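Hi everyone, thanks for coming. Please pull up the sequence and the structure so we can walk through them together.

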Amino acid sequence: MKLMNSLPPAWRPRRLRRTSALRCLVRETSLAPADFIYPLFVTHSDTGPVLSMPGVARLDVPGCVRLAREAAEAGIPGVLLFGVPEHKDPAASGAADPSGPVALAASALKAQVPELAVITDVCLCSYTDHGHCGILAGDRIDNDATLPVLANMACAHAAAGADIVAPSGMMDHMVAAIRRHLDAQGFPEVAILSYSAKYASSFYGPFRHAADGAPKSGDRKTHQMDPANVREALREIEHDVQEGADMVMVKPALAYLDVISRVRTRMPEVPLVAYNVSGEYAMIKAAAEQGLADERDAALEVLTSIKRAGADSIITYHALEAAAWLQA
Ligand code: PBG
């Protein structure tokens with residue numbers, strides 16, 4: 001009698017944490033291979049492991065097809081191609097070369113792994129001899145002189161078979177310039193994933209080694225965003241969507257989960273990609289190597305947190321390994 005009159009028993013959250021099955025029943029965020037985009041570095045000749053990124057290599061076209069097929073078989077829906085060209089000059093003339101590594105890899109992938117979405121990075125930093133993301137006028141990057149070069153590069157990738165082009169140079173109006181040129185050249189169906197909110201981050205170091213795209217002088221603070229800003233990121237994203245971006249990106253991911261979350265809340269209808277960048281990957285590899293963290297657990301925790309923050313998909317160098325861990 002006494003029991004029936006008393007208040008309901010207090011909530012005991014541990015009841016649903018007792019077993020793996022119970023935890024699974026109440027899990028709020030799911031992670032699957034279908035959430036991942038796998039970045040690949042394609043080159044003609046200079047193949048081999050990237051020392052700053054254990055498990056990552058520069059690949060020739062057949063190597064790229066092999067790894068992309070593995071990704072597709074693991075349930076990963078897309079790859080992101082970065083070119084490491086042999087030739088560099090101030091005009092980035094290799095960027096739109098139809099026989100450059102990215103164009104060749106894109107057409108080989110469309111022919112040999114047709115189920116995979118092919119995304120190509122569109123930026124000049126690996127193609128300029130000075131390593132800057134645009135065409136220089138003196139020591140400044142000339143925004144508007146860079147736009148047609150990016151638009152031509154995007155069209156070369158589209159002509160080779162890219163499904164999505166991903167401009168990463170943070171030039172103002174790059175999305176509009178690329179959209180206009182793609183449409184004019186007969187590629188209205190090719191989508192644009194804009195690196196809309198890309199921060200001037202210290203976490204790109206290993207990538208710049210892999211893609212051989214570090215600036216020879218100065219930094220990228222005149223075009224990439226200040227890590228202190230989030231309202232500006234929302235504005236960048238809205239602007240890119242107005243210019244015609246089909247998907248938008250926040251990059252890096254881990255130190256910017258609040259940005260991902262704010263974008264998701266503000267624009268719930270826009271596909272949102274987060275880039276779990278090279279430095280974030282290398283940190284986990286280094287911690288695991290020193291016995292400071294379990295690589296599987298740490299990587300899956302990070303990827304889950306990026307999904308929880310609101311990303312629809314995640315570009316990650318851990319994609320293949322994470323897909324295998326998730327299926328185990
Ligand atoms: C090119 C580009 C960079 C990355 C992606 N595209 C380097 C940079 O902006 O310096 C970084 C990716 C990573 O660190 O994994 N602009």
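Let's start with E243, and ask which residues it is in contact with, leaving aside its neighbours within four places in sequence. The list is H173, M174, V175, A176 and R179. Keep in mind throughout that this is a predicted model.

So where does E243 sit? E243 is found in helix α8. Is E243 buried or exposed? Its relative accessibility is 15%, and buried means under 20%, so E243 counts as buried. For a sense of scale, take R296 as well: E243 and R296 are 53 residues apart in sequence, and their C-alpha atoms are 39 Å apart in space.

Now let's look at the helix around E243. Helix α8 covers residues 231-243, which makes 13 residues. From the first C-alpha of α8 to the last is 19 Å, close to the 18 Å expected at 1.5 Å a residue. E243 has company on the buried list of α8, because A233, L234, I237 and D240 are there too, all under the 20% cut-off. Look at the numbers in that list with this in mind: an α-helix has 3.6 residues a turn, so residues three or four places apart point the same way.

What do the buried residues of α8 pack against? The partners are helix α6 (174-184), strand β9 (191-198), strand β10 (247-251) and helix α9 (257-266). Just after α8 comes G244, which has a positive phi, near 120 degrees.

Let's compare notes with another helix, α5, at residues 143-160. α5 has 18 residues, which should span 26 Å at 1.5 Å a residue, and its end C-alpha atoms are indeed 26 Å apart. How many residues of α5 are buried? The count is 13 of 18, and α5 is mostly covered. At the N-terminal end, D142 acts as a cap: one of its side-chain oxygens lies 3.3 Å from the backbone nitrogen of D144. At the other side, α5 is followed by G161, and the phi of G161 is positive, near 120 degrees.

Next, the open spaces. The largest pocket has a volume of about 630 Å³. Its lining is made of 29 residues, and N143, M170, D172, T222 and H223 are the ones nearest the centre. Which element gives the largest share of that lining? It is our helix from the start, α8, with eight residues. At least two residues each come from β7 (140-141), α6 and α8. Sorted by class, the lining of the largest pocket has 11 charged, 11 polar and seven nonpolar residues.

The second largest pocket has a volume of about 480 Å³. It is lined by 15 residues, with R23, C24, V26, R27 and E28 nearest its centre. Helices α2 (20-25) and α11 (295-309) are the elements that give two or more residues to this lining. The largest share, three residues, is from α2. By class, this lining divides into seven charged, five nonpolar and three polar residues.

Finally, the enclosed spaces. How many cavities of 30 Å³ or more are there? The count comes to two.

The largest cavity holds about 190 Å³ of space. Of its 22 lining residues, F82, D121, C125, S168 and F207 lie nearest the centre. Strand β4 (78-84), strand β9 and helix α7 (205-211) each supply at least two lining residues, and the largest share, three residues, is from α7. You have met β9 already, as one of the partners of the buried residues of α8. The lining of this cavity divides into 12 nonpolar, five polar and five charged residues.

The second largest cavity holds about 50 Å³. Among the residues that line it are G94, D97, Y127, A156 and H157. Two helices, α4 (101-112) and α5, give two or more residues to this lining, and α4 has the largest share, with three. By class, there are six nonpolar, three polar and one charged residue.

To wrap up, go back to E243 on your screens: E243 is a buried residue at 15% relative accessibility, in helix α8, the helix that gives the largest share of the lining of the largest pocket. Thanks for listening!

Methods. Residues numbered from 1 in each chain as written. Predicted model: local features only at pLDDT ≥ 70, side-chain atom pairs only at ≥ 80, totals over all residues. Heavy atoms only, no water. Helix = DSSP H or I, 4+ residues; strand = E, 2+ residues; numbered from the N terminus. Expected span 1.5 Å × (residues − 1). Buried < 20%, exposed > 50% of the residue type's maximum accessible area, 1.4 Å probe, protein only. Contact = heavy atoms within 4.5 Å. Polar contact = N/O pair within 3.5 Å; in protein donor to acceptor, adjacent residues only side chain to side chain. 1 Å grid on protein atoms, 1.4 Å probe; cavity = no way out; pocket = protein on both sides within 12 Å on 5 of 7 lines; lining within 4 Å. Points joined across faces, edges and corners; volume = space filled by probe spheres on them. Nonpolar A, V, L, I, M, F, W, Y, C, P; charged D, E, K, R; others polar.
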